[in-house]
Amino acid sequence: MIVAAGWAEGTSAGRLSAVVYALLTLLCVALYAPGFTSVPPFDRDESRFAQASFQMLESGDLVDIRFQDEARHKKPVGIYWLQAASTALLGTAGEKAIWTYRVPSLLGAVAAVLATAWLGARQFGPAVGTMAAVMLAGCVVLGVEARMAKTDAVMLATITVAQAALAAVYLGRHGERPGWGLPLLFWIAVGLSVLVKGPIVALVSGGTVAMLALWDRRAGWLARLRPLAGLGIVLLIAAPWLIAITLKTQGAFFTESVGHDMMGKVAGGQEGKGLPPGYYLGTFFITFAPWSFLTLLALPWIWRNRRDDAVRFCIAWILPTWIVFEVVPTKLLHYTLPVFPAVALLTAGAALDAAAPTAGRVLRWASAALGVGAMAALALAVALVPWLVDGDVAWAAWIILPAVVALAVLAVRQRFAGKPRGAVAVALAGAVLLYAVAYAIVLPGVPGLWVGREAGVLVAANRPCASTRVASAGYSEPSLVFAVGTDTLLTRGDGAARHLLGDPSCALALVDGREEAAFRTALAGAGATALGTVRGFNYNNGRRIALTLYRLAPAPAVAAPTG
């Protein structure tokens, strides 16, 4: 229905009706709602962001960002403000629910999809704008980011809006000078993006401008953006907090965020994520699934139309940012997300152009194999995770596996038959089926993946006092702090023993099997009662976990003297 409504508006040059935007919003909700409230907090980034936002509410300090007592000076404050605000508005007293921290990401994903539709309608026409928005909404990587309490979906929204305004100014460069509307939109989006993710918007928009200037051999159109006034707008948005955090931390924020975090990613593989160039090309067929096979087929059309203003703008949007991320050693699957709106626009433009050149046999076979293979691999991974982690069989995932593969095959056949709209509709059906089962049924039902959640449940059932503080030896993932409490002590086996001995009436300790020997030795003969064990898999370091909850055994009752 959404796709049909958008494609039916092909005669309305450059515009989509409110009905199409409403239907696109409903599509996003349908795609992102499964698992939104039921999937537990992911480690590590999501849990760190959510816990830091919780502590912002807890402390009332809206300037400094902290995870427990550790300063969080890697990212600006914007996302923490948004998560704290959504939790304050939607949270319930006494309940700490991860979904309230995810709401900004959901809204950011929806905004990015709608901005892509608006931009595509202006650049290529309403049909392309609608199809590109559907592609962005349904791709794997945005589906993940829309469900995670992190910066990336919100950053995507700000960057897409900024790029949409920039494209409108560039495409209209030969006409009359625009009013203040588009420049204001661009600079406000840039300022908000800086407050959410720092300099990434400068890489994307700056890279786009630089490549267009080199390609066109002129850049006079940039004056239409009113850059001096625009930089003032960015400063008005971002400078107050930057000044406040600089004064509060005596400059430590910039030392950590720029000197350590950003330069650490550029200079080497931070947190063990160092990978060679070509990683993003190699993983594109997963991250942009189920549409990646259409992008491969679009390459001849993109090359033939490279001199078209709209196509040129999208190429300039993609290439500089993509190259930078391929060169930087630190690589994560979602890093190239800021260029996916442009990828979707080119893919949709090629698919709907009746005059598009026919792909050669090798390209067709490669696209078919990679398109079907990507969806089959995703569906198989969803089915295998419960068995690999907990030894369980996820029957729902195995049941849908052949259906997802069949829909992927049908989507390829529809495209080769010259029916791109049918191909997109069928691929979308396969994505909806896979995401619904994966996020709503399979992932929440794998206890071994969510050690923090399971440990939180065990602790809640065994708290001897309202003021009980928990120590954790051998397991220090942020999801545990989010589940158990800000004051959770992350320590080793001997530290957990000292924690119990220091408060024998109320203290609890979670001890991993690797820390048991040190824990027992440090207890020095004091009896400890095991209250239960949580077993699982730490997917951040690839280790099996067996966390046992202990408290000191109560002292034996002394019989009252007789006689």
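Start with the second largest cavity of this predicted model, which has a volume of about 30 Å³. Select Asp43, Leu449, Tyr475, Glu477, Phe537, Asn538, Tyr539 and Asn540, and you have its lining on screen. Colour those residues by class and you will find four nonpolar, two polar and two charged.

Next, move to the largest cavity, where about 70 Å³ of space lies. Of its 13 lining residues, show Pro290, Met375, Ala408, Ala411 and Ala427, the closest to the centre. Now add helix 17 (361–390), helix 18 (395–416) and helix 19 (420–442) as ribbons: each supplies at least two residues of this lining. Helix 18 gives the largest share, five residues. The class colouring here comes out as 11 nonpolar, two polar and no charged residues. With both stops visited, you have seen the two cavities of 30 Å³ or more that the structure holds.

Now leave the cavities and select strand 5, residues 508–512. Five of its five residues are buried, so the strand is largely enclosed by the rest of the structure. In a regular strand, side chains alternate between the two faces of the sheet. Turn strand 5 to check each side: Leu508, Leu510 and Asp512 are buried on one, Ala509 and Val511 on the other.

Finally, bring in the partners of strand 5. Strand 3 (residues 470–473) runs parallel to strand 5 and is joined to it by four bridges; look for Ala473 opposite Val511. Strand 7 (residues 543–552) is also joined to strand 5 by four bridges, but runs antiparallel. Centre on Val511 once more and you will find Thr548 of strand 7 standing opposite.

Terms used
Residues numbered from 1 in each chain as written. Predicted model: local features only at pLDDT ≥ 70, side-chain atom pairs only at ≥ 80, totals over all residues. Heavy atoms only, no water. 1 Å grid on protein atoms, 1.4 Å probe; cavity = no way out; pocket = protein on both sides within 12 Å on 5 of 7 lines; lining within 4 Å. Points joined across faces, edges and corners; volume = space filled by probe spheres on them. Nonpolar A, V, L, I, M, F, W, Y, C, P; charged D, E, K, R; others polar. Buried < 20%, exposed > 50% of the residue type's maximum accessible area, 1.4 Å probe, protein only. Pairing = 2+ DSSP bridges.
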